[in-house]
Structure formats: C-alpha cells, structure tokens
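User: I would like to go through this structure term by term, asking what stands behind each label.

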Amino acid sequence: MNVLIVEDEPLAVQKLSKLLLEVAPELRISGITDGIESTVEWLQANPNPDLILMDIELCDGQSFEIFNQMEVKSPVIFTTSYDEYAIQAFRVNSVDYLLKPIKKEELERALRKYEQINSAQTQTIDISKLVSELQRHNQLREYRSRFLVKLGQRLIPVEITDISYFYTEEGITFLMTRDRVKHLIDYTLDELEQQLDPKYYFRINRQYILGIKSVVQIHNYFNGKLKLDLKPSVEKEVTVSRERVGDFKEWMGK
C-alpha cells in the first residue's frame with residue numbers, strides 16, 4: 001500500500017514514518033510534501049496513493065485548500081493539534097483524524113478503519129460520534145507541569161512555571177527558561193500545543209510558543225502582523241502571524 005505523508009515539520013515526518021513502519025511494515029511511503037502547492041503538484045504528477053496522512057496546518061496555509069484546488073481521490077487520515085478543525089476534516093473525504101502527538105495504538109486503529117472502509121468500498125462519517133469523542137478528549141486532558149531535560153549525563157526536571165517560551169531552530173525544538181537557560185527537547189511545536197495549558201501558552205507562528213509572562217511589549221508591524229519584545233530577549237525579530245493576531249490579542253487580554 002502506497003502512502004503519501006503531508007507534513008511540514010521534519011521531526012514530525014520522521015516520527016510518523018517510523019510509527020507507520022512499526023505498525024504496518026508492508027506500507028510504502030511513496031511521497032512526502034510540506035505544503036498546499038507541493039501537495040497539489042505531487043498529486044497531479046503521480047498515481048493516486050492508496051492513503052494520505054495529512055497535517056491540517058501546513059507551511060503555506062490549511063490543507064483544506066488542497067481540496068478546493070483539485071479533486072482528491074485518495075482517502076485521507078488527518079493529523080492535527082487543533083480540535084476545532086476535526087469536524088471540518090471529517091467533511092472532506094476523511095477516513096479518520098489523529099490528534100498529535102500521535103500514539104501507536106491510535107494509528108493502528110485508524111489504519112484498521114481505513115482497511116474496513118476500503119474493503120467495503122464505502123465511507124460513512126459519524127459527526128455526532130466525533131463531537132462526543134472531542135468532548136471526552138477535552139474533559140480528560142491534563143496539561144504538562146514539568147519537562148525532563150538532559151544536562152550533561154543527568155536528567156533534570158524543569159517546571160512549566162519556569163519556562164518563558166518554546167521555539168524551533170533548524171528543525172530542533174528548544175525551551176527557554178526565565179533565567180535564560182536553553183534546553184533541547186524531543187517534541188515538535190505541534191506536539192507541545194497539545195501538552196501546554198492554552199491559558200498560559202500560545203503559538204504565535206510556526207517557530208514560537210510563548211508563555212504569557214514572556215511578552216514585554218507589543219508593536220504594530222507590516223502586513224497586519226505584530227512584533228513582540230520578549231523576556232528573555234531574542235536576537236531575531238519575533239512576530240505574530242497575521243492569521244493569529246486576533247486570537248493572540250484575545251489571549252493576552254484574558
């Protein structure tokens with residue numbers, strides 16, 4: 001079975017590829033794309049894959065735009081860190097959805113569901129069941145209180161209250177503490193979004209998740225963005241993407 005992976009975070013691609021080969025060694029990953037444009041081009045240039053595993057938030061927008069540009073004939077399993085997208089995902093040729101971080105048993109369940117649908121040559125989506133699943137997920141969710149990080153040959157705990165922000169640099173994720181100590185962690189920002197309490201942490205763009213106490217000043221910026229001064233300070237400019245400005249202001253004002 002040929003599978004196309006649509007995902008824009010290299011670490012997430014690596015983890016998903018490894019999981020796929022663990023749960024279904026017979027699978028062949030026939031392609032990997034990271035955005036709307038590259039996915040449309042790949043689908044137009046290649047035979048239809050048997051299955052697509054597709055992240056919703058891509059480097060150039062939401063993957064639903066792919067379905068507006070062309071007819072996708074392959075079944076899709078969406079991966080997402082954003083529960084609010086899940087119902088829309090089910091309305092667009094979707095076999096299932098997986099909330100990040102993806103667990104092995106959930107991937108196995110989704111692949112079994114694909115096989116059942118494929119053998120029956122029919123696809124039925126139960127929206128009410130999905131809503132109840134999402135409600136149960138939200139009720140049971142527990143947020144991180146600390147991270148274990150490596151310091152030399154030791155593992156030390158870092159309390160969530162001591163972390164100012166998380167960011168990626170060349171595909172690697174770091175956390176920055178309030179006293180300016182940087183630690184590497186083995187999570188993507190998509191995975192961290194599921195683990196952090198949204199009351200105190202907010203993802204402003206593809207590179208940063210901020211703690212609410214890390215924001216010192218907010219400046220208007222071009223193209224409708226906002227530029228931020230953070231504590232600890234950052235050498236590069238840190239901006240809130242235009243699509244998230246409204247939600248960011250609401251989060252800061254709560």
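**Labels and their grounds**

Analyst: D8 counts as buried because its relative accessibility is 16%, where buried means under 20% relative accessible area, exposed means over 50%, and partly exposed lies in between, with a 1.4 Å probe and protein chains only. This is a predicted model, in which local features need pLDDT of at least 70 and side-chain atom pairs count only at pLDDT 80 or more, while totals for chains, interfaces and linings use all residues. Residues are numbered from 1 along each chain as its sequence is written, and side-chain values use heavy atoms, with hydrogens and water left out.

User: What makes the contact of D8 and R206 a salt bridge?

Analyst: The term requires a side-chain nitrogen of Lys or Arg within 4 Å of a carboxyl oxygen of Asp or Glu. The side chains of D8 and R206 meet at 2.7 Å, N to O, so the pair satisfies that rule. This pair links distant parts of the chain, 198 residues apart, with D8 in the loop between strand 1 (2-6) and helix 1 (10-23) and R206 in the loop between strand 13 (201-203) and strand 14 (208-211); helices (H or I, at least four residues) and strands (E, at least two) are DSSP runs, numbered from the N terminus.

User: How do you know that E57 and R244 also form a salt bridge, and are these residues buried or exposed?

Analyst: Their N to O distance is 3.7 Å, which is within 4 Å, so the label applies here as well. The pair joins E57 in strand 4 to R244 in the loop between strand 17 and helix 8 (245-253), 187 residues apart. E57 is buried because its relative accessible area is 12%, and R244 is buried because its value is 14%.

User: Why is R146 called partly exposed, and what is the label for its partner E159?

Analyst: R146 has 42% relative accessibility and therefore counts as partly exposed, and E159, with a relative accessible area of 31%, is partly exposed too. The closest N and O atoms of this salt bridge are 3.1 Å apart. R146 lies in strand 8 (residues 146-151) and E159 in strand 9 (residues 154-159), so the bridge ties together parts that are 13 residues apart in sequence.

User: How many salt bridges does the rule give, and which residues are linked in a network?

Analyst: The count comes to eight salt bridges, and E9, D190, E193 and R203 are linked in a network of them.
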